[in-house]
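Hi there,

Here is the structure I promised to pass on to you. Have a look at it first, and then read my notes below.

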Amino acid sequence: MDWDAVQAIGVIVTLAFLGYQMRLQSQALKGDSKLREFELYQSLLNQHTELLKMADQDPALNLIWEPLDPERKRELDAAQASRDWGAWSIMTPDEQRGYRYIRYAIELFEQAHKVNQYGMLDKEIWRKWVSWMEIWPRTRYFTYMWQDNARKFMPSFVDAYWDLVRESGEMDRRARIDRAHLTDPLHDDDVLDNSSMAEQDVPEQTAELVAPESPAVEAVRPERQES
C-alpha cells in the first residue's frame with residue numbers, strides 16, 4: 001500500500017476518533033450541567049422548605065400575614081421615619097423574628113434570581129419561584145425590612161424585584177381565570193365553579209405596594225449615574 005494512502009487513512013481515523021471523544025465530552029458536559037442545575041434547584045427547594053418549617057415550629061411567625069394594629073403601625077412608622085432601623089429598634093422580640101423571617105424569604109428569592117441569571121433554572125421552575133414573590137410585600141414588616149436592607153441586596157435583584165412581583169400577581173390572576181372550573185377527570189364534570197373568584201383582580205394592597213411611586217421603592221431605588 002502506498003505510504004501516503006496509509007498516512008491519509010491514519011489521519012481520517014485520528015480525526016474520527018477525536019470527533020467521537022469530543023461528542024462524548026459534550027454529552028458529559030451536558031449531563032454535568034443538568035446535574036448541577038438539579039443540585040441548585042434542590043438546594044433552593046430545601047431552603048424554601050426550611051423556611052416553611054420555621055413558621056410551623058414558631059407560630060408567632062404566622063402573624064406576619066395579619067394586618068398590624070393601626071396604633072402599633074403608627075408607632076413603627078414614626079420610629080422608622082426618625083432614624084435608620086427605627087422600626088427595628090422598638091420592635092418586640094416576636095416582631096423582630098417576623099422581620100427576620102421576611103428577610104430570610106427575600107434573601108432566598110435573591111439566590112434563586114441569581115441562579116436563574118446564570119441560566120441554571122428551568123423556565124417552568126423559575127416561573128414557580130416568581131409565583132411565590134407576590135405575597136411577601138403584603139406582610140406586616142416588609143416595608144421596614146426593605147427600606148433597611150434593600151441596599152444590601154444585589155443591585156440586579158433590587159432592580160428586578162418589583163417587576164417580578166407584578167409578574168407574580170399577573171400569573172396569579174391568570175391562574176384564577178384558567179382554573180375557574182375544576183374538572184373531575186373520572187366523570188368529566190365540574191367539581192368546583194370558581195368563575196366568580198376568577199373575575200377578581202390582584203388585591204389592591206399588592207398594587208399599592210408595587211406602585212413605582214411607593215415609598216418603599218423610592219427609599220431604596222438605586223441612584224443612576226448620567227451617561
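Let's start with a pair that is easy to find: Arg-74 and Glu-71 both sit in helix 2, three residues apart, which is about one turn of the helix. Their side chains form a salt bridge, with the closest N and O atoms 2.8 Å apart. A salt bridge here is a side-chain nitrogen of Lys or Arg within 4 Å of a carboxyl oxygen of Asp or Glu. An α-helix has 3.6 residues a turn, so residues three or four places apart point the same way.

Before going on, some words on how to read all this. This is a predicted model, in which local features need pLDDT of at least 70 and side-chain atom pairs count only at pLDDT 80 or more, while totals for chains, interfaces and linings use all residues. Residues are numbered from 1 along each chain as its sequence is written, and side-chain values use heavy atoms, with hydrogens and water left out.

**The whole chain**

The protein chain has 10 helices and two strands. Helices (H or I, at least four residues) and strands (E, at least two) are DSSP runs, numbered from the N terminus. Read from the N terminus, the order of elements is α-α-α-α-α-α-α-β-β-α-α-α. Of the 227 residues, 33% are buried. Buried means under 20% relative accessible area, exposed means over 50%, and partly exposed is in between (1.4 Å probe, protein chains only). Among contacts with a separation of 6 or more, 69% join residues 24 or more positions apart; a contact means heavy atoms within 4.5 Å.

**Helix 2**

Back to the helix we started with. Helix 2 has 13 residues, which at 1.5 Å a residue should span 18 Å, and its end C-alpha atoms are indeed 18 Å apart. The expected span is 1.5 Å times one less than the number of residues.

Which residues of helix 2 are buried? They are Arg-72, Leu-76, Ala-79 and Gln-80. Seen down the helix axis, these buried residues fall within an arc of 100 degrees, so they line one face of helix 2. That arc is taken from the directions from the helix axis to the C-beta atoms. On the other side of helix 2, Pro-70, Arg-74 and Ala-81 are exposed. The cover over the buried residues includes helix 3 (86–90), helix 4 and helix 6 (142–149).

At the N-terminal end of helix 2, Asp-69 acts as a cap: one of its side-chain oxygens lies 3.1 Å from the backbone nitrogen of Glu-71. Glu-71 itself is partly exposed, at 40% relative accessible area.

Arg-72 deserves a closer look. Is Arg-72 buried or exposed? Arg-72 counts as buried, because its relative accessible area is 17%. Leaving out residues up to four places away in sequence, Arg-72 touches Ile-90, Met-91, Thr-92 and Glu-95. With Glu-95 there is a side-chain to side-chain polar contact at 2.6 Å. A polar contact is a pair of N or O atoms within 3.5 Å; within protein, one must be able to donate a hydrogen and the other to accept it, and residues adjacent in sequence count only if both atoms are side-chain atoms.

**Other salt bridges**

How many salt bridges does a search of the whole structure find? The search finds 12. One of them joins the side chains of Asp-58 and Arg-97, at 2.7 Å from N to O. Asp-58 lies in the loop between helix 1 (3–57) and helix 2, and Arg-97 in helix 4, so this pair ties together parts that are 39 residues apart in sequence. Arg-97 is partly exposed at 32% relative accessibility.

Another bridge links Glu-170 and Arg-173, whose closest N and O atoms are 2.6 Å apart. These two are three residues apart in helix 7 (residues 155–178), about one helical turn. Glu-170 is partly exposed at 29%, and Arg-173 is partly exposed at 24%.

**Two more residues to look up**

His-113 is in helix 4 (residues 93–117) and is buried, at 7% relative accessibility. Apart from its neighbours within four places in sequence, His-113 contacts Trp-126, Ser-156, Phe-157, Ala-160 and Leu-164.

Trp-85 is in the loop between helix 2 and helix 3. Its phi is near 55 degrees, a positive value in a residue other than glycine.

Happy exploring!
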